[in-house]
Amino acid sequence: MFQDLFASRELAWRLLSRDIRAQYRRSFMGITWAIIPPALTAAGLTFANNTGLVRVEETDIPYPAYVMLGTILWQTFLDALNSPQIAINTSRPLLAQVKFPHEAIILTQLGQVLFNLSIKIVLLIVLFVLFKVSVSWTIIFAPFAFIILILLGVSIGLWLVPVMNLVQDVSRSMEVITLAWFFLTPIAYPVPTSGTLSVLVKLNPVTPLLVTAQELITTGELSQLTLFLIMSGITLVGLVLGWLVYRLSIPFLIERIS
């Protein structure tokens, strides 16, 4: 497995370069499409909060910057979760006709997630400057939290690959599931301290990763460090097991494609 992962580096880089060029070559707005979804989501939530449609407790940083940071983290996780299935869908002819390390298409999509994240971070920096948001020295550790969040999405996505390709109902229900998941993630609001919502948010595996990433960038006071470390360990184990599931399921998926 690790030999194939190492051998797929060059192919993954070539596929990534091809996909990025193809994605933005005929687009008038180009790479700005990478920031439009989180920007619109953050703008809508900010409008709802300012008009009183949604009442949110006071946040550590200005609310628009808080929502944008949370939305970017969530969108990055969601992109990572969808990346294995996107890899299968976009590489069907390649899978059916060419023998190559199948880790290459996953690495390609992972590179796409990181590329989109880099564009969104530029927007976030601009927003932080406009709202004069100060950052903590712990921001140097934020990339680690980002990576764990991405790996959690990829690991879940790898587990779902065979299920989504064999049972179409699962694939069609993912939009509903991720929408509900969005509202149970502390993106537009701080982590609740009481009530049913508090229990559901704390059971959410994304919560400690997202909150820790936010706090590493802003306050530097880590309120969920223990849960973050536990989820990091679970993520790494889940990633290896999901990789095994992916490797075992690929021959059956190729047979169905052929």
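The legends below describe close-up views of a predicted model.

**View 1. Helix H10 and its surroundings.**
Helix H10 covers residues 206-217 and has 12 residues. From its first C-alpha to its last, H10 reaches 17 Å, close to the 16 Å expected at 1.5 Å a residue. Because 12 of the 12 residues of H10 are buried, the helix is largely enclosed by the rest of the structure. The buried residues include Val-206, Thr-207 and Pro-208 at the beginning of the listed stretch, and Glu-215, Leu-216 and Ile-217 at its end. Also among them are Leu-209, Leu-210, Val-211, Thr-212, Ala-213 and Gln-214.

**View 2. Gln-224 in the loop that follows H10.**
Gln-224 is placed in the loop between H10 and H11. With a relative accessibility of 12%, Gln-224 counts as buried, because buried means under 20% relative accessible area. Apart from its neighbours within four places in sequence, Gln-224 is in contact with Val-191, Thr-207, Pro-208, Val-211, Thr-212 and Glu-215. Among these partners, Thr-207, Pro-208, Val-211, Thr-212 and Glu-215 are also listed with the buried residues of H10.

**View 3. The largest pocket.**
The largest pocket has a volume of about 300 Å³. Its lining is made of 16 residues, of which Asp-60, Tyr-66, Pro-190, Val-211 and Glu-215 are the closest to the pocket centre. Two elements, H4 and H10, give two or more residues to this lining. The largest share, 3 residues, comes from H10. By class, the lining of the largest pocket comprises 7 nonpolar, 6 polar and 3 charged residues. Val-211 and Glu-215 are also contact partners of Gln-224.

**View 4. The salt-bridge network of Asp-4, Glu-103 and Arg-247.**
The structure holds 4 salt bridges. Asp-4, Glu-103 and Arg-247 are linked in a network of such bridges. The side chains of Arg-247 and Asp-4 meet at 2.7 Å, N to O. This pair links distant parts of the chain, with Arg-247 in helix H11 (residues 225-257) and Asp-4 in helix H1 (residues 2-7), 243 residues apart. Arg-247 also forms a salt bridge with Glu-103, at 2.9 Å from N to O. Glu-103 lies in helix H6 and Arg-247 in helix H11, so this pair ties together parts that are 144 residues apart in sequence. Glu-103 is buried, with a relative accessible area of 4%. Arg-247, at 30% relative accessibility, counts as partly exposed, and Asp-4, at 28%, counts as partly exposed as well.

**View 5. The salt bridge between Lys-120 and Asp-79.**
Lys-120 forms a salt bridge with Asp-79, and the closest N and O atoms are 3.3 Å apart. Lys-120 lies in helix H6 (residues 103-130) and Asp-79 in helix H4 (residues 63-90), so the pair ties together parts that are 41 residues apart in sequence. Lys-120 and Asp-79 are both buried. Helix H6 also carries Glu-103, the partner of Arg-247 in the preceding view.

**View 6. The largest cavity.**
The structure holds 1 cavity of 30 Å³ or more. The volume of the largest cavity is about 40 Å³. Leu-15, Arg-18, Asp-19, Thr-90, Ser-91, Ile-105, Thr-108 and Gln-109 line this space. Helix H2 (9-25) and H6 are the elements that give two or more residues to the lining. By class, the lining of the largest cavity has 2 nonpolar, 4 polar and 2 charged residues. Rolling a probe the size of a water molecule over the atoms shows where empty space is left.

**View 7. Gly-111 in helix H6 and its separation from Trp-13.**
Gly-111 is found in helix H6. This glycine is buried, with a relative accessible area of 15%. Gly-111 and Trp-13 are 98 residues apart along the chain, and their C-alpha atoms are separated by 8.1 Å.

Methods. Residues are numbered from 1 along each chain as its sequence is written. This is a predicted model: local features need pLDDT of at least 70, side-chain atom pairs count only at pLDDT 80 or more; totals for chains, interfaces and linings use all residues. Side-chain values use heavy atoms; hydrogens and water are left out. Helices (H or I, at least four residues) and strands (E, at least two) are DSSP runs, numbered from the N terminus. The expected span of a helix is 1.5 Å times one less than its number of residues. Buried means under 20% relative accessible area, exposed over 50%, partly exposed in between (1.4 Å probe, protein chains only). On a 1 Å grid over the protein atoms alone, a cavity is a set of points where a 1.4 Å probe fits but cannot get out, and a pocket is an open set with protein on both sides within 12 Å along at least five of seven lines; lining residues have an atom within 4 Å of a point. Grid points are joined across faces, edges and corners, and a volume is the space filled by probe spheres set on the points. Ala, Val, Leu, Ile, Met, Phe, Trp, Tyr, Cys and Pro count as nonpolar, Asp, Glu, Lys and Arg as charged, and the others, Gly among them, as polar. Contact means heavy atoms within 4.5 Å.
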